[in-house]
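Colleague: I would like to learn how to read a structure like this one, feature by feature. Could you take me through it?
Modeller: Gladly; let us put it on the screen and begin with the strands.

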Amino acid sequence: MVVVLEKNVTQEQLENIIKHLEEYNFAVHKSTGEEQIVLGAIGVQLNFDTRKIKILEGVAEVYRITEPFKLASRSFKKENTEIKIKDVVIGGSEVVMMAGPCSVENEDQIFTIAEIVSKAGAKILRGGAFKPRTSPYSFQGLGEEGLKLMRKAADKYGLLIITEVMESSNIDLIEKYADIFQVGARNMQNFPLLRDLGKTTKPIMLKRGLAATVEDLLMSAEYILSSGNKEVMLCERGIRTFETYTRNTFDLSAIPVIHKRSHLPIIADPSHATGLRDKVLPMARAAVAAGADGLMVEVHHEPEKALSDGPQALLPEQFAELMIQVKTIAEVIGRKM
Ligand code: PEP
Ligand code: MN
């Protein structure tokens with residue numbers, strides 16, 4: 001940690017700051033510049049609250065130099081984490097496509113969409129059976145019935161399944177059917193859920209919260225990793241900003257930022273990020289160009305009848321076109337699709 005002192009700091013304040021740092025077990029190195037004194041506080045303390053120093057009289061700024069997360073960090077593990085599920089590898093040279101409806105609605109719907117996405121080249125079927133809806137009056141998902149239908153459809157078309165888990169009491173049930181647990185944006189900081197998922201043995205995709213920084217996201221991943229499960233992938237799905245022309249603001253720069261700071265794979269979700277069907281293809285191309293390890297895209301054959309997120313679902317032919325275009329982009333940057 002670096003502590004920059006105010007220009008007019010008094011000797012008494014300086015001594016008090018050093019005393020505090022030493023009490024917090026930092027070794028202190030003082031550098032006196034022409035205008036300001038800078039203190040180097042040496043000693044790794046992952047959870048040190050820098051505000052304890054910021055509030056002291058005479059302190060101008062405090063900068064943390066070590067990251068507050070460990071297991072998720074690139075400095076802890078240099079090589080990329082590759083998550084292998086049957087014949088699919090997430091985080092390797094291939095860009096993996098996860099696609100399907102927002103919600104599993106009925107047998108005909110999920111079988112039709114599973115066939116569409118598998119024919120176009122997706123490896124993983126997405127779909128919610130337990131839905132985190134903003135309104136309690138909206139469709140909440142089919143529950144176990146939805147999981148059963150999804151598993152049957154995925155098996156018929158040789159797909160893996162990713163589906164959302166909203167609460168710890170449903171982990172065992174969902175684990176019976178799913179290949180990947182999805183933690184939704186609204187649950188990114190549900191720490192008891194993250195800890196419980198950390199005790200499972202199936203991979204987890206953790207979506208970025210609506211108002212979460214990349215550091216918040218990595219700290220949440222740390223909860224899962226430190227509870228034992230090392231198969232974590234992250235997902236950029238857009239964040240809340242003042243912009244209103246899209247549902248969220250797609251933070252594409254999070255992709256290279258996460259790749260630099262962490263070894264965990266990062267998936268991009270242009271469907272929830274933009275909320276509008278016609279914005280999904282350009283943003284999917286951009287995400288692959290930015291280095292995303294996979295995409296999650298919503299697809300529906302009758303989006304006008306969809307029980308959730310119809311306006312952002314791609315039509316089958318749009319999805320097929322997306323697959324062709326993103327494959328071309330993947331190849332340009334030396335990846336496969
Ligand atoms: C979803 O993927 O179905 C979903 C609800 O997404 P998010 O949690 O990102 O809103
Ligand atoms: Mn959705």
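Colleague: Which residue in β12 is the bridge partner of leucine 206?
Modeller: Leucine 234 is the partner of leucine 206. Keep in mind throughout that this is a predicted model. The pair belongs to a wider contact: β11, residues 204-207, and β12 run parallel and are joined by four bridges. Between these two strands the chain passes through helix α7, residues 214-226, in a right-handed β-α-β crossover.

Colleague: Which strand do three bridges join to β12?
Modeller: That is β13, residues 266-268, and it too runs parallel to β12. Look for cysteine 235, which stands opposite isoleucine 267 of β13. The route from β12 to β13 goes through helix α8, residues 254-261, and this β-α-β crossover is again right-handed.

Colleague: Are the two faces of β12 covered or open?
Modeller: Both are covered. Val232, Leu234 and Glu236 are buried on one side, and Met233 and Cys235 are buried on the other. In total, five of the five residues in β12, which spans 232-236, are buried.

Colleague: What about helix α8: how exposed is arginine 261 there?
Modeller: Arginine 261, which is found in helix α8, has a relative accessible area of 42%. It is called partly exposed because that value falls between the limits of 20% for buried and 50% for exposed. Its C-alpha lies 13 Å from that of alanine 221, a residue 40 positions away in sequence.

Colleague: Let us turn to the metal. Which protein atoms are the donors of the manganese ion, ligand 2?
Modeller: Four residues supply them: Cys102 through SG, His272 through NE2, Glu298 through OE and Asp309 through OD. Their distances from the manganese ion run from 2.0 to 2.4 Å. Along the chain the donors follow the spacing C-x169-H-x25-E-x10-D. Glutamate 298 sits in strand β14, residues 294-298, while aspartate 309, eleven residues away, is in the loop between β14 and α11, residues 316-332.

Colleague: I would like to check angles at such a site. What are the ideal ones?
Modeller: As a general guide, four tetrahedral donors ideally give 109.5 degrees, and six octahedral donors give 90 or 180 degrees.

Colleague: Why does glutamate 298 count as buried?
Modeller: Glutamate 298 counts as buried because its relative accessible area is 2%, under the cut-off of 20%.

Colleague: And what is the sign of phi at aspartate 309?
Modeller: Phi of aspartate 309 is positive, near 55 degrees, in a residue other than glycine. Asparagine 25 also has a positive phi, near 70 degrees. Asparagine 25 is in the loop between α1 (11-23) and β2 (27-32), and it is exposed, with a relative accessible area of 64%.

Colleague: How should I think about empty space in a model?
Modeller: The general idea is to roll a probe the size of a water molecule over the atoms, which shows where empty space is left. Here, a search of the whole structure finds one cavity of 30 Å³ or more, and the largest cavity holds about 30 Å³ of space.

Colleague: Which residues line the largest cavity?
Modeller: Among them are Pro101, Cys102, Glu298, Asp309 and Ala313. Cys102, Glu298 and Asp309 are also donors of the manganese ion. By class, the lining has four nonpolar, four polar and three charged residues. Alanine 313 is in the loop between β14 and α11 and is buried, at 4% relative accessible area. Alanine 313 and proline 101 are 212 residues apart along the chain, yet their C-alpha atoms are separated by 7.3 Å.

Colleague: How much space lies in the largest pocket?
Modeller: About 280 Å³. The largest pocket is lined by 22 residues, with Lys131, Pro132, Arg186, His272 and Asp309 nearest its centre. Strand β9, residues 160-164, gives the most to this lining, with three residues. By class, there are four nonpolar, nine polar and nine charged residues in the lining.

Colleague: Finally, how many helices and strands are there in the protein?
Modeller: There are eleven helices and 14 strands. Of the 337 residues, 51% count as buried, and the C-alpha atoms fill a box of roughly 75 × 40 × 40 Å along the principal axes.

Definitions and conventions: Residues are numbered from 1 along each chain as its sequence is written. Chains are lettered from A and ligands numbered from 1 in the order in which they are written. This is a predicted model: local features need pLDDT of at least 70, side-chain atom pairs count only at pLDDT 80 or more; totals for chains, interfaces and linings use all residues. Side-chain values use heavy atoms; hydrogens and water are left out. Buried means under 20% relative accessible area, exposed over 50%, partly exposed in between (1.4 Å probe, protein chains only). Two strands pair if DSSP finds at least two bridges between them. A crossover is right-handed if, with the strands pointing away from the viewer, the path from the first strand over the helix to the second runs clockwise. On a 1 Å grid over the protein atoms alone, a cavity is a set of points where a 1.4 Å probe fits but cannot get out, and a pocket is an open set with protein on both sides within 12 Å along at least five of seven lines; lining residues have an atom within 4 Å of a point. Grid points are joined across faces, edges and corners, and a volume is the space filled by probe spheres set on the points. Ala, Val, Leu, Ile, Met, Phe, Trp, Tyr, Cys and Pro count as nonpolar, Asp, Glu, Lys and Arg as charged, and the others, Gly among them, as polar. Donors are N, O and S atoms within 2.8 Å of the metal (3.2 Å for Na, K and Ca); water is not among the atoms, so sites may look incomplete.
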